[in-house]
Amino acid sequence: MTTFVIKRLVWTIPVMLIVILFTFLLMKQIKGNPFRKTERALPASILANLNRKYGLDQPWYVQYVRYTKGVFTFDLGPSLLLRNQNVNDIVKDHFPVSLELGFFAFLFAIAIGIPLGVISALKANSGWDYLAQIAGSAGFAVPSFLVATLLIYFFGFKWRAWTGLPVSGWDTPQSKVLPSIALGFLPMAYFARLVRGTMLETLQQDYVRTARAKGLRRRRVIGLHVLRNSLIPVVTAAAPLLGAIITGSFIIENIFAIPGIGRYYVTAVQGRDYSVVMGLTILYAAIVIVGNLVVDLLYGILDPRTREART
Amino acid sequence: MSIINPDEVTEASTARATELGGTEAGAAIGTTSLWKDAFYRFAANRGALVASFLFLLMVAYVVIVPWVSPYDPYAVDFSQAYLLPTWSHPLGTDQFGRDLMTRTALGGRVSIGIGFVGTFVILGIGTLYGSISGFVGGRLDNAMMRFLDAVYGLPYLPFAIIVLQIFGVVTFWTMVIALTIVSWLTAARVVRGQIITLKENDYVRAARAVGARWYRILGRHLLPNTLGVLIVFVFLELPGVILGEAFLSFLGLGINPPKASWGSLAEDGRDVFLGHPWIIVIPSIAIGYLILCANFIADGLRDALDPRTRET
Amino acid sequence: MRKQLRLAVAALATVALAVAAAGCGGSSNSSSNGSNGGATTSAAGGNLASSQVLDMSWGAEPPSLDPGLATDTTSANVLYNIMDPLIKLGPNLQPEPNLAESWTVKGPIVTYRLRHDGRWTNGDPVTAQDFEWSWLRTISPQLAADYAYQFYGIKGAEAYNSCDPKKQNCNALRSKVGIKALGKYTLQVTLTSPQPWFVQQSAHTSFLAVNRKAVEKWGNKWTEANHIVTDGPFKVAAWRHDAELDLVKWNGWRDAKDVTLTRINGKIISDGTTAEQSYEAGDIAVDTTGIPPADIDRWKGTPDYAQYASLGTYYYGFNVKNIPDVNQRRAMAFAVDRKSIIDNIAKAGQTPATSMTPKGMPGFDTIHTTYLPTAGEGLAKAEQLMKKVANPVKNVTLYINDAPGHKEIAVAIQSMWQKLGITTTIKQQEWAQFLQFLGPPPDKSVDVYRNGWIADFVDDINFLELFTCRSGNNDTNWCNPQYDKLVAQAKATPDDDKRYGIYKQLENILTGPNGDMPIMPIYWYTFVQLEKPWVNHSFSINPLDQFDLTKVKLLKH
């Protein structure tokens with residue numbers, strides 16, 4: 001187990017280097033000047049000042065080395081667009097918001113999705129099952145921008161009088177309701193389907209039958225054995241879900257004017273804010289890499305069989 | 001692609017599918033009975049059958065309607081703007097008075113087209129990476145897989161956005177590149193798993209023992225046997241690519257006007273959703289419809305090609 | 001989704017700067033060009049709401065609140081309300097005294113006399129030395145300010161700004177710049193030549209003073225809410241980046257007794273649809289972000305709809321190398337039904353533009369041309385003109401940027417040109433790439449491109465100068481030496497009427513009956529926002545898109 005952890009940890013370093021290089025080279029391919037923000041042309045002398053100030057007058061490999069050094073010392077450099085901010089400031093300001101949004105969305109997904117899946121599995125092929133399955137399918141099929149728009153349309157306007165939910169921002173607890181639901185909709189459907197599937201499967205397993213045969217009460221069997229084993233895939237699913245939540249946050253943060261990192265990303269790319277785009281991309285990659293690591297470790301703890309296989 | 005589908009990306013299920021598919025398929029290479037069997041099993045699955053029919057119906061709609069439609073999908077006539085659905089305009093008209101029935105069909109061509117082409121590109125790259133890794137094995141395999149493990153689940157959207165900015169102009173093909181650039185990771189994993197399992201099969205060992213060249217082994221014995229899994233994968237991946245295109249369009253990074261995709265139609269609708277809500281609803285429903293169909297088809301295909309995973 | 005919607009929608013051009021002279025801040029008679037500036041009845045004190053806290057939306061996050069570094073509309077609007085400019089622009093955009101109680105112009109020398117009661121929020125007086133230090137800081141190559149070129153009219157400024165501190169000692173050049181504080185309250189500026197527009201230009205945000213102590217203490221972080229030192233009617237209460245920027249009334253300001261609002265809770269919402277949602281849901285009382293054009297119809301005619309004239313022109317430029325025949329360019333300009341575009345797409349009550357010079361520009365009546373049609377009647381003439389073209393270009397590529405609104409206009413123009421037998425391919429690019437494509441010189445594939453211009457300062461030279469041969473903003477490949485000669489002549493003509501006469505000739509070369517038509521104007525901009533009827537006295541947005549919060553009052557509702 002320890003060697004496995006160490007191996008995985010060591011592997012993250014070259015992977016990060018590759019991701020940084022890849023992103024860096026991609027960014028260098030983008031045409032357009034971060035300092036020309038409007039149709040107004042800048043005199044050459046002013047461009048020269050700006051390039052000098054931000055080190056863009058250096059050759060690309062010097063920039064790359066300097067940048068990589070920065071990443072590993074947790075200094076992502078200054079923003080080219082927000083002239084009084086560093087990328088670190090931007091991450092510090094916006095990242096917690098995205099994190100919170102993702103967390104609430106996840107919470108919503110778990111709170112609704114897992115019970116939905118459990119009911120579905122226990123009452124397989126009943127009316128409840130179909131209802132839950134339909135809800136799950138809808139979560140999959142309906143794009144998040146429509147979910148968000150419909151939530152705004154109904155809860156923010158039609159029924160505003162009694163919901164009292166604001167349709168933008170991220171300051172009051174009320175303002176967090178609609179975006180969290182909108183973002184959590186897809187993971188909810190995901191959990192519901194996943195739990196249903198794995199539970200049905202686990203219920204067929206020998207040890208469950210044995211436990212039942214031994215006279216253990218149904219509730220206890222389900223609580224202790226079935227649910228626990230059914231949740232393993234849920235943990236594994238957390239990694240790709242993380243990706244989905246990040247992706248979703250781009251859309252949701254834009255629709256609800258949430259000061260998160262996804263919303264800022266689009267602005268930064270369009271404004272050619274190289275350092276911010278690089279910083280955020282690397283941050284995303286780092287999150288995913290760490291997320292995968294954690295999931296693998298959790299997986300090992302929850303399911304001892306995989307330990308050897310994975311080392 | 002990172003749109004998630006429980007049957008797609010959970011390693012548990014894909015790994016299982018590949019493993020089982022592998023052993024099953026391995027034994028029956030070259031015979032048609034397996035495919036025939038699979039076909040009958042698929043045909044017996046009512047849900048999948050209905051989904052396939054609906055899927056084809058949608059494809060027929062997007063292919064045929066623009067041909068037979070009496071309306072020019074690009075002609076501007078402001079006097080006809082924002083008409084509600086009627087007999088002559090079954091889905092109403094947009095801001096320019098263009099018939100949405102026709103526009104949605106055209107948008108579908110782009111969306112579905114990008115969906116399929118994108119999926120095939122993903123499979124192509126994934127197969128290449130996966131088969132090299134799996135076939136060569138050893139240190140190279142180890143390195144390639146460690147890399148995949150680490151970046152598995154990397155969100156495609158940031159990279160897609162960067163790629164679109166590199167090209168500047170969004171066309172069908174730049175969109176495909178943007179959507180595939182980091183989305184082949186899962187496919188690579190699946191293919192590699194297949195190859196590894198198949199490699200250990202007796203008949204492959206036998207082929208090797210009689211001195212078959214590596215490309216013959218790969219081309220004749222290994223890759224054809226991954227086909228079943230890849231077919232399932234097409235329909236698992238398709239929704240993700242279509243949705244990815246829609247997201248990018250919705251963020252304003254969509255295909256050039258006056259062309260449209262379902263995503264860019266939805267984006268147009270968002271500006272006016274308080275006054276004319278159906279304009280965003282129609283293309284979104286179309287996307288959802290297609291995703292649902294693809295899901296059911298994928299389920300059916302998997303059951304058909306891999307009988308042991310059928311739910312009892 | 002759309003960033004910077006205020007710019008994109010209100011101005012329909014991604015004009016991130018737009019800002020130039022200052023018209024805001026708190027002059028007693030600030031401009032109100034709004035055709036429907038919300039409720040305009042002058043409210044007696046008794047009518048006021050008990051709470052004078054305004055919830056509103058700013059546009060995009062201000063990239064910087066440092067006057068030296070700010071370049072966009074939101075930053076400018078915040079700055080005009082928290083800082084104290086020397087000069088403000090009056091209702092007709094004429095310069096009015098503000099912190100400078102008077103000024104004198106003698107040839108190239110401009111002298112400002114400052115009021116003695118200007119105060120920084122830390123208690124220090126605002127002095128001429130503050131201005132000298134601030135302006136030199138903005139010009140310095142180390143700060144690398146985008147807007148340093150606003151100062152290039154000052155003697156020695158360009159040389160100092162172009163100095164490379166890695167290779168030269170720039171301090172010598174610094175001391176040669178023609179900005180001198182003569183005593184505590186007198187500021188003398190020496191220009192490179194007489195510039196009739198300089199006093200108006202000095203109302204621009206880059207000419208605001210900053211507090212030296214704050215800047216030196218906090219460095220790059222001096223603009224954060226808990227560090228910033230200001231000298232205007234409001235001060236920054238909180239700034240949560242990309243979320244909220246709140247101002248509170250500052251009682252130490254010299255005319256604080258005339259300010260009614262006590263606090264502004266400003267949400268940062270760059271997306272037009274989102275801002276509109278928030279307004280409609282009642283989360284904000286004023287939406288300065290702007291409305292998506294497609295949705296303007298819903299608001300027109302309601303008391304919430306507020307529309308202000310602007311000093312800007314939305315136009316298409318031709319790459320004259322690719323479309324060399326002037327008659328084809330004229331035909332294309334004639335085929336465009338400007339009124340239909342405004343009525344059906346842009347919708348914000350814009351005026352069909354027949355000249356580059358925008359309506360409202362001083363001298364407009366003399367300068368502007370009326371050759372081009374305003375509505376659909378030009379089509380017949382366009383067809384005639386097209387017949388004269390020996391080798392017409394039948395397939396043109398039109399480049400637009402992807403901000404909202406442009407696509408729709410391009411689609412409409414595409415169908416109008418179709419009537420001349422011209423097939424148009426629209427290429428939509430995002431902003432940064434688009435700019436790179438335009439050059440100058442433009443990429444070979446560019447036949448026609450969209451652009452817009454909003455005044456930097458209030459003189460038509462700002463528009464007409466764009467199309468000189470070597471202008472960095474002339475993306476048409478068009479070069480007419482006679483035009484350049486006239487521009488130079490206009491710059492050396494301080495007398496307004498004479499200068500307007502030259503401008504008329506210039507405008508004729510661009511868009512007149514015998515003109516070269518390197519560009520075709522489409523409409524003159526307006527700014528549109530949503531204001532609750534009880535937000536009184538409107539925002540008095542002036543044609544440079546600047547608003548003055550000191551005059552805003554909230555009525556009982």
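Modeller: Before we start, a residue counts as buried if 20 or more other C-beta atoms lie within 10 Å of its own. Keep in mind that this is a predicted model.

Biologist: Okay, so which residues of helix 13 of chain C are buried by that rule?

Modeller: H406(C), K407(C), E408(C), I409(C), A410(C), V411(C), A412(C), I413(C), Q414(C), M416(C) and W417(C).

Biologist: And what makes helix 13 of chain C "mostly covered"?

Modeller: The count does: 11 of its 13 residues are buried. The cover includes helix 9 (326-334) and helix 10 (338-346) of chain C, along with strand 14 (395-401), strand 15 (423-429) and strand 16 (448-454) of that chain.

Biologist: How do you know that the span of helix 13 of chain C agrees with its number of residues?

Modeller: The expected span is 1.5 Å times one less than the number of residues. For the 13 residues at 406-418 that should give 18 Å, and the end C-alpha atoms are 18 Å apart, so the two agree.

Biologist: Over to chain B. Why are helix 5 and helix 9 of chain B called oblique to each other?

Modeller: Helix 5 (residues 100-136) and helix 9 (residues 185-199) of chain B have axes that come within 7 Å and cross at roughly 40°. Under 35 degrees would be roughly parallel, and roughly perpendicular runs from 65 to 115. The angle fits neither, so these two helices of chain B are oblique.

Biologist: What is the handedness of that crossing?

Modeller: Helix 5 and helix 9 of chain B cross in a right-handed way. Among the residues making the contact are G126(B), G130(B) and G134(B) from helix 5, and A187(B), A188(B) and I195(B) from helix 9. By class, that contact has 10 nonpolar, six polar and three charged residues.

Biologist: How many residues of chain A are in contact with chain B?

Modeller: On the chain A side 47 residues take part, and they meet 42 residues of chain B. Helix 10 of chain A gives the most to that side, with 14 residues. The chain A residues there divide into 34 nonpolar, 11 polar and two charged.

Biologist: And how many residues does the contact between chain A and chain C take from each?

Modeller: That one takes 42 residues from chain A and 44 from chain C. Here helix 2 of chain A gives the most to the chain A side, with five residues. The chain A residues touching chain C divide into 18 nonpolar, 14 polar and 10 charged.

Methods:
Residues are numbered from 1 along each chain as its sequence is written. Chains are lettered from A and ligands numbered from 1 in the order in which they are written. This is a predicted model: local features need pLDDT of at least 70, side-chain atom pairs count only at pLDDT 80 or more; totals for chains, interfaces and linings use all residues. Two residues are in contact if their C-beta atoms, placed from the backbone, lie within 7 Å. Helices (H or I, at least four residues) and strands (E, at least two) are DSSP runs, numbered from the N terminus. Ala, Val, Leu, Ile, Met, Phe, Trp, Tyr, Cys and Pro count as nonpolar, Asp, Glu, Lys and Arg as charged, and the others, Gly among them, as polar. Axes are lines fitted to C-alpha atoms, for helices over the stretch in contact, and angles run from 0 to 180 degrees between N-to-C directions. Angles under 35 degrees count as roughly parallel, over 145 as roughly antiparallel, 65 to 115 as roughly perpendicular and the rest as oblique. A crossing is left-handed if the near helix is turned anticlockwise from the far one by less than a right angle, and right-handed if clockwise. A residue is buried if 20 or more other C-beta atoms lie within 10 Å of its own, exposed if 12 or fewer, and partly exposed in between; C-beta atoms are placed from the backbone.
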